[in-house]
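Me: I would like a close look at a single residue of this protein, set against the fold as a whole. Please take me through its surroundings step by step.

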Amino acid sequence: MLHGVGLPSAKDTYKPAPFVPAGARATDLLAVNDMLYTSTTGKCGGSADAVYAMDLASETRPVASYKTTGSPVGTVALATDGTVVVVVTNGVVTLDPKTLAMKQSFTDNATTFLTGPLVFRQGGKDVVAGGT
């Protein structure tokens, strides 16, 4: 369950909402433009390795998810156009920021990625780096 807690009252600021499966190991949260993102790793609690997004602007707090082909490494990142970037153990995936539908992917089963994504601009284009 996701709880939004107000400061300094420490009381819920809105009704708690389901976000990731119970028992899942979630990475750091990232909130951008009324969207909240995280990924789950290690298949903890029987959950799939996946990326999750919650629309915080909606009263119903809908959640979108994308099951990854490898375990996510590090936190998710966003490109300058809002595209979600995820590094998994065997590649890189870009996702639509609202639906988490896959936009592009790169897979190399001979390579193991060890760091999360770093997104930077060079020559007017976003570049994604991930360490192996």
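Reply: A residue is called buried when its relative accessible area is under 20%, exposed when that value is over 50%, and partly exposed in between. In this predicted model, 37% of the 132 residues of the protein count as buried.

The residue chosen here is Asp-12, which is found in the segment before β1, the strand formed by residues 25-26. Because its relative accessibility is 41%, Asp-12 counts as partly exposed. Leaving aside residues up to four places away in sequence, Asp-12 touches His-3, Gly-4 and Val-5, and with His-3 there is also a polar contact of 3.2 Å between the two side chains. Asp-34 lies 22 residues from Asp-12 along the chain, and the C-alpha atoms of the two are separated by 18 Å.

As for the fold around Asp-12, the protein has 11 strands and zero helices. The C-alpha trace spans about 45 × 40 × 25 Å along its principal axes, and the radius of gyration is 15 Å, which agrees with the value near 14 Å that a compact globule of 132 residues would have. Among contacts with a separation of 6 or more, 29% are accounted for by residues 24 or more positions apart.

Turning to surface and charge, the protein exposes about 7400 Å², of which carbon and sulfur atoms supply 55%. The protein has 10 positive and 10 negative side chains, and the centres of these two sets lie 2 Å apart.

Notes
Residues are numbered from 1 along each chain as its sequence is written. This is a predicted model: local features need pLDDT of at least 70, side-chain atom pairs count only at pLDDT 80 or more; totals for chains, interfaces and linings use all residues. Side-chain values use heavy atoms; hydrogens and water are left out. Helices (H or I, at least four residues) and strands (E, at least two) are DSSP runs, numbered from the N terminus. The radius of gyration is taken over C-alpha atoms; the globule rule is 2.2 Å times the number of residues to the power 0.38. Buried means under 20% relative accessible area, exposed over 50%, partly exposed in between (1.4 Å probe, protein chains only). Contact means heavy atoms within 4.5 Å. Accessible areas come from the Shrake-Rupley method with a 1.4 Å probe; for residues, only the protein chains shown count as cover. Lys and Arg count as positive and Asp and Glu as negative; His and the chain ends are not counted. The place of a charge is taken as NZ of Lys, CZ of Arg, CG of Asp or CD of Glu. A polar contact is a pair of N or O atoms within 3.5 Å; within protein, one must be able to donate a hydrogen and the other to accept it, and residues adjacent in sequence count only if both atoms are side-chain atoms.
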